[in-house]
Amino acid sequence: MWWKTAVVYCLDVETFMDGDGDGTGDMVGLVRRLDHLVDLGVTCLWLMPFYPTAEKDDGYDITDFYGVDRRLGDHGDVVELVRAARDRGMRVIVDLVVNHTSNEHPWFQAALEGPDDPYRDFYVWRSDPPPDTSSEVVFPDEEGGIWTLDEPSGQWYLHRFYAHQPDLNVANPAVRAEILKVVGFWLELGISGFRMDAVPFLLQTDGLSTEELQSFPEPHDFLREVRQFVASRRGDAILLGEVNLPFEDQLTYFGGSEGNELDMQFDFIGMQRMYLSLARGDAQPIVTALKERPGLADRSQWATFVRNHDELTLDKLGRYERQEVFDAFGPEEEHQLFGRGLRRRLPPMLDGDQRRIRMVYSLLFAMPGTPVLFYGEEIGMGENLAADTRQAVRTPMQWSDGPNGGFSTAPPEALPNPVTTGAFGPQAVNVASQVDQPDSLLTFVSRLARRYRQSPELGRGEAEVLDVPQHHVLAHVMRYQGTAMLALHNFADEAVEVPVSFASDDHLGRLVDLLAPGSIELDADGAATVPLEGYGYRWLRLVTPSDHRLN
């Protein structure tokens with residue numbers, strides 16, 4: 001279960017590195033930059049969609065699940081990327097977007113021929129006018145409902161997302177067979193698994209006829225089938241699912257105590273509570289999230305993250321809690337999206353305060369689970385609010401302070417998105433200026449990645465949140481196979497001294513700092529007081545008298 005201690009890095013090939021100078025990032029450019037990821041400590045590369053697309057939703061409107069966007073490369077380039085990554089100790093996983101297709105996909109074009117076409121049932125249709133579904137749309141600023149009329153046939157087709165992204169009918173056995181074929185195809189090219197997009201929408205049965213529901217009574221059976229198929233084709237491949245639901249519902253998508261569905265899921269609740277803690281200067285929201293996390297089967301794992309490629313959703317916070325985060329980090333209308341999230345990156349939200357930025361990334365790696373980085377986070381990139389909606393955080397990677405941030409030699413107008421400008425643009429924030437600097441954010445994040453990989457307690461251990469007197473301090477202990485590690489994070493500006501104690505079965509010893517020189521002796525009762533700076537963070541491994549690893 002390699003993913004238990006992986007460091008995952010998400011990128012869009014289109015905006016990472018242009019290898020041929022045409023203005024668009026490509027597979028060749030990505031291969032040239034793999035050593036940057038190796039030095040960073042990445043062990044798993046997650047590629048956003050690189051398939052042929054109608055170019056209406058940044059690659060998530062796919063026209064061929066088996067193809068490669070010609071602007072980005074071809075199948076040979078994908079194979080070379082997988083080989084080059086494997087030679088450097090990295091696996092590659094890719095987005096699996098099978099809840100919907102583009103309306104330009106050949107399947108949907110065939111379906112439009114009429115109700116008798118074999119591909120008609122690849123999608124979900126209704127003949128009677130739909131009710132008001134404006135409250136069900138994913139993108140309320142773009143769509144007024146989840147059904148769109150196909151005028152020639154007089155029927156409506158279902159789309160949870162955009163009208164140009166009709167939903168596939170997963171109740172149709174032929175659709176399920178095609179999905180497995182797509183999965184098998186990419187596994188044969190060496191892919192180590194998939195980040196499954198919009199999993200709850202994929203398994204929803206709303207809109208299906210009574211006959212279809214009778215033939216597809218338990219959608220999770222299909223998710224288990226995908227899991228089994230992946231394991232049969234490549235035993236170590238994973239399914240990382242996007243399931244933004246309450247914890248109890250996420251447990252269902254893991255497969256409960258059996259752990260036979262998704263291997264990993266993003267902890268959306270922990271991420272949102274972290275931002276509430278940052279806004280309040282109070283650790284209690286993230287403390288509550290960690291305490292409420294359900295226990296998982298041995299095979300299952302949480303994926304932790306600071307942000308991803310979409311808006312920074314706050315939908316699991318209460319109305320007033322969400323407004324607190326908006327007030328702190330996105331007070332302007334241009335900062336917000338859909339009334340539920342932010343289209344900003346962390347460094348501008350924290351006004352470039354390196355203490356708080358580093359505390360957050362320390363927390364990312366110290367949280368129980370597998371850390372996931374979004375490209376550019378390692379150097380402190382910002383957003384470009386001049387870009388449309390979610391494109392604000394999908395700007396070209398900043399490699400240097402040269403033209404286009406070193407991303408491409410093409411004219412700026414040829415780039416897929418404009419480069420970020422201002423205080424977080426490439427003149428101030430780039431890889432080249434940080435790579436050899438011992439105090440740079442890039443060096444710091446690389447150190448965190450190395451220490452995470454050297455600390456199996458974090459990825460594999462059991463977590464215990466400690467009760468400490470300071471409400472703005474999160475203290476948690478991770479235990480694994482007889483070892484213990486303490487992590488402390490201060491969400492306030494004031495320095496504190498945090499009392500901690502270890503149970504007698506942890507034996508006596510001392511706490512050795514993993515991020516800086518020094519150690520703290522435990523007293524005869526296994527207790528100590530740990531100094532913590534304002535917005536400070538410490539990783540401390542318990543070293544017993546019989547443990548000579550760090551003596």
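This briefing describes the annotated domain, the pockets and cavities, one sheet and the salt bridges of a protein model. The model is predicted, so local features need pLDDT of at least 70 and side-chain atom pairs count only at pLDDT 80 or more, while totals for chains, interfaces and linings use all residues. Residues are numbered from 1 along each chain as its sequence is written, and side-chain values use heavy atoms, with hydrogens and water left out.

**Annotated domain**

- The unreviewed UniProt entry places the feature "domain: Glycosyl hydrolase family 13 catalytic" at residues 10–414. UniProt positions follow the numbering used here, feature names are shortened, and annotations may be inferred rather than shown by experiment.
- Over residues 10–414, helix accounts for 33% of the chain and strand for 12%. The C-alpha atoms at the two ends of this stretch are 23 Å apart.
- Helices (H or I, at least four residues) and strands (E, at least two) are DSSP runs, numbered from the N terminus.

**The largest pocket**

- Rolling a probe the size of a water molecule over the atoms shows where empty space is left.
- On a 1 Å grid over the protein atoms alone, a pocket is an open set of points with protein on both sides within 12 Å along at least five of seven lines, and a cavity is a set of points where a 1.4 Å probe fits but cannot get out. Lining residues have an atom within 4 Å of a point.
- The largest pocket holds about 670 Å³ of space. A volume is the space filled by probe spheres set on the grid points, which are joined across faces, edges and corners.
- Its lining consists of 33 residues, and those nearest the centre of the largest pocket are V138, F161, F201, E242 and R340.
- Helices α7 (199–203) and α11 (268–280) each contribute at least two residues to the lining of the largest pocket.
- This lining comprises 15 nonpolar, eight polar and ten charged residues. Ala, Val, Leu, Ile, Met, Phe, Trp, Tyr, Cys and Pro count as nonpolar, Asp, Glu, Lys and Arg as charged, and the others, Gly among them, as polar.

**Cavities**

- There are three cavities of 30 Å³ or more in the structure.
- The largest cavity encloses about 90 Å³ and is lined by 13 residues. V124, L158, L168, F201 and Q204 lie nearest the centre of the largest cavity.
- Seven nonpolar, three polar and three charged residues make up the lining of the largest cavity.
- The second largest cavity has a volume of about 70 Å³. Among the residues that line the second largest cavity are D267, G270, M271, T304 and L363.
- Two or more lining residues of the second largest cavity come from each of α11, β10 (301–305) and α15 (354–366). The largest share, three residues, comes from α11.
- The lining of the second largest cavity has seven nonpolar residues, two polar and one charged.

**A three-stranded sheet**

- Three strands form an open, antiparallel sheet in the order β11-β13-β12. Two strands pair if DSSP finds at least two bridges between them.
- The edge strands, β11 (312–313) and β12 (336–337), each pair on one side only.
- β11 pairs with β13 (residues 341–342) in the antiparallel sense over two bridges. G341 in β13 is the bridge partner of T313.

**Salt bridges**

- The structure holds 37 salt bridges, each being a side-chain nitrogen of Lys or Arg within 4 Å of a carboxyl oxygen of Asp or Glu.
- E14 and R71 form a salt bridge in which the closest N and O atoms are 3.1 Å apart. E14 lies in helix α1 (residues 13–16) and R71 in the loop between β2 (44–47) and α4 (75–87), so the pair ties together parts that are 57 residues apart in sequence.
- E14 is buried, with a relative accessible area of 12%, whereas R71 is partly exposed at 29%. Buried means under 20% relative accessible area, exposed over 50%, and partly exposed in between (1.4 Å probe, protein chains only).
- R344 forms a salt bridge with E383, with the closest N and O atoms 3.1 Å apart. R344 is in the loop between β13 and α14 (346–349) and E383 in the loop between β14 (370–374) and α16 (431–434), 39 residues apart.
- R541 forms a salt bridge with E457, with the closest N and O atoms 2.9 Å apart. This pair links strand β22 (residues 537–543), which holds R541, to helix α18 (residues 456–460), which holds E457. Both R541 and E457 are buried.
- A network of salt bridges links D57, D58, D310, R390 and R394.
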